[in-house]
Amino acid sequence: MEPRVGPAPDSAPQVRPYHHPAAGWGAAKSVTRVLVEERELVDGPRAIMRMNHENGGFDCPGCAWPDDTKGLRLDICENGIKHVTWEMTRKRVDRAFFAAHSVTELAGWSDHDLEDQGRLTEPMVYDPESDHYVPISWKEAFEVVGAALRGLDDPNRASFYTSGRLGNEATFLYQLMARELGTNNLPDCSNMCHEASGRALQAALGTGKGTVDLRDWESADALFILGVNAASNAPRMLTALAGAERRGAQIVHVNPLVEAAATRTIVPHEFLDMALFKSTRTSTLNLQPRIGGDMALLRGMAKAVLEQSVSDPRALDVTFVERHTAGFEEYRALCEATPWEELERQSGLSRADILEAARVYTEADRSIVSWCLGLTQHEHGVDTVREIVNLLLLRGNIGREGAGPSPVRGHSNVQGNRTCGIDHRPTEAFLDRLADACGIDPPREHGLDTVRTIQAMRDGEVKVFVAMGGNFALAAPDTPATFAALRSCDLTVQVSTKLNRSHVVHGRAALILPCLGRTEKDHQRKGVQRTSVEDSMSMVHLSLGMKRPASPHLLSEPAIVAGMARAALPDSETPWDWYIEDYDRIRDTMAVALDGFEDFNRRVRLPLGFRIKQPARELVFLTPSGRAEFSTAALPDVVPEPGTLALGTMRSHDQWNTTIYSDDDRYRGVKNLRTLVFMNRADMRERGIADMGAVDITSTAKDGSRRYLKGYTAVPYDIPRGCAAGYMPEMNVLCALGDYSTQSDQPIMKHVKVTIVPAAG
């Protein structure tokens, strides 16, 4: 059965323009509603007061925005509270639930209704004769996994997926297990979100991460926010934006849609502003390029900087460029040779708009450029991020306070996962250190990423699929192809906290292994354990759960990994049980194996933890030239062909990744509707589409194949002509499995070629 997503609407769809500040009383009302609905009026507020605090607190399992540097007592946001309360629910999915509902029945439920059943309580195994999940002991479950892995004729017939919620200690053990088994098949959610950022920054600066920290955000003169819906994706950024506006910094938002975070906000922990309904601006300039037009905007800004430098030498930091960069003259020639007319055409902006953005940039002494998936999920995502670095290099905005590149990671520990070894393309240096620290002989051949894992499962080359967290069936592109791939496996294993689509779209054999949540106490032999996470600005800190586990039968993620590893590797000399007794022991090994984690256990216990060393921040560039390298990539042609539109997928405000809390999207004025497409009104008129009219959407893949969504609702919206937008995961079906970037291998979910017509019949 094809997936249905989102809860069934309980009233007619409504769309009204949203004119209120982001956060503020709207967020407070939403949080109160969630606490009441989940019956968490005592533990919920307690959790709020403990979230994102280094002294006995737990890290928010939502976004990866850094913790406040000033000891802010309420360093929280609406989405974080929703996420925590959703995890803390009193509802339970136990053996009685599975006995009452077959998998075939559950496959017909909406994704909201699946997750809304509550927390998983014990390990379950699929029984094909009854079509039900039935209980299984942990020992037996681990043996099922171990037998399947031991029985493979090649370890590369297994693939080990990771979502961003996994803590560093579990991450390290997970990749150690896979590599000791003999494979680098370690796909992760970065393959679908920020792979382009890592590859671009590595090529340009010799590091796969941004160079700034939160203190830099607090001292920048100009902030450029590209392809980010901060009010929903990283709401705690609103505090930084409000602070920047108050100190007189310039804030430029670049997005095809003007989102709520790009207007004004009332930060909820600023109680006087809340009481007085006093909002703060969060932007000084909003630019709406066409989908995919950001690279042309950035190059236009660089062209303007270089043209200005002819009469005003201060526009270009000549000393920095000469001392620290390579390839400048070639880049200068490229900018000079690019006509303004082409920059306007590709960006969808006027020359005046581009020059205004350049003016803000040249007048600022210190600038930060920040971005998210709006830039990376394109064919040319790597080139676009490298163009950001090009622009920053022109004025020496690398390696000094208040300046630099700053990718916004959406999930709690996705950056930490990559740091701690989840990488299908590990470096030789990493593998050498891992071998020395752990006494194993890790494989050197690159493994499979997310897209190639799906292809390999579909083709019968990968037989066992293990997922640590996440909802792979819905997060991945080309939903029917991903479903078919999962069903082709001999065994699928899902380590999860709640029921989701990936439990009902499974292999011939399937296990559900329930784990502790971030909010829960992790009791091991040596006492209650803490885990560490890394935020999007390279700070590593500890997280300590506060709540009694949802079930006495839950295991921690490190314990589950160790249990699978013992069963799969019976002759292993790795001390799996010893590690689980005390996570400090895992961290001691990580301190030897991982660059930047030296003296891990001491430093992670410092206030706010520690920041992983960043050579590029110190103007040490680990590139072939030993310098920061300009890129001279050609501008892509992103103008849609006649009759087609460029469609980008996105989240609503009332969802987190694939978790859908409701059918509402407050910041876009939508209520009781998810099966919609936002369109420019002129594009709608041209196609004979009425406001709120039913439409059919067809996507055309690179190979010429087509995919369809029928009976969607067209919503007129302030979006550039030739562009459209709608919600993931519903629209993931439109992105073909083969439509991935040749630069980053990421699915091109922000640039799907579609036609939209009035619905037939």
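This passage walks through the overall make-up of the protein chain, one of its sheets, its nonpolar cores and an enclosed strand.

The model described here is predicted. Its protein chain holds 31 helices and 33 strands. Of the 761 residues in the protein chain, 65% count as buried. The accessible surface amounts to about 26600 Å², and carbon and sulfur atoms account for 52% of that area. Contacts across the sequence can be viewed in a similar way: among those in the protein chain between residues at least 6 apart in sequence, 78% link residues that are at least 24 apart.

A good place to begin a tour is an open sheet of six strands, arranged in the order E6-E5-E18-E17-E16-E7 with mixed pairing. Its edges are formed by strand E6 (132-135) and strand E7 (158-162), each of which pairs on one side only. From one strand to the next, the twist averages 20 degrees. At the E6 end, strand E5 (residues 124-127) and E6 run antiparallel and are joined by four bridges. To find this pairing in the structure, one can look for Met 124, whose bridge partner in E6 is Pro 135. Helix H7 (residues 138-150) packs on the sheet, where it touches E7, strand E16 (464-468), strand E17 (491-496) and strand E18 (509-514). The direction of H7 makes about 135 degrees with that of E18.

Attention now turns to the nonpolar cores. The largest of them has 62 residues, and those with the most contacts inside it are Leu 149, Phe 160, Phe 172, Tyr 174, Leu 513 and Met 564. Phe 172 gives a helpful view of the surroundings: leaving aside residues up to four places away in sequence, it touches Cys 420, Leu 434, Cys 438, Ile 586, Thr 589, Met 590, Ala 593 and Leu 594. Another core, of 51 residues, lies apart from the largest one. Val 254, Ala 302, Ala 304 and Trp 371 are among its members.

The last stop is strand E32 (residues 723-727). Five of its five residues are buried, so the strand is largely enclosed by the rest of the structure. E32 has pairings in both senses. Strand E25 (residues 645-650) pairs with E32 in the parallel sense over five bridges, and within this pairing Ala 646 has Cys 723 of E32 as its bridge partner. Strand E29 (residues 676-679), in turn, pairs with E32 in the antiparallel sense over two bridges. Here Phe 678 is matched with Ala 725, its bridge partner in E32.

Key:
Residues numbered from 1 in each chain as written. Predicted model: local features only at pLDDT ≥ 70, side-chain atom pairs only at ≥ 80, totals over all residues. Heavy atoms only, no water. Pairing = 2+ DSSP bridges. Axes fitted to C-alpha atoms, helices over the stretch in contact; angles between N-to-C directions. Contact = heavy atoms within 4.5 Å. Core = buried A, V, L, I, M, F, W, Y, C linked by side-chain atoms within 4.5 Å. Buried < 20%, exposed > 50% of the residue type's maximum accessible area, 1.4 Å probe, protein only. Areas by Shrake-Rupley, 256 points an atom, 1.4 Å probe, with all protein chains shown as cover.
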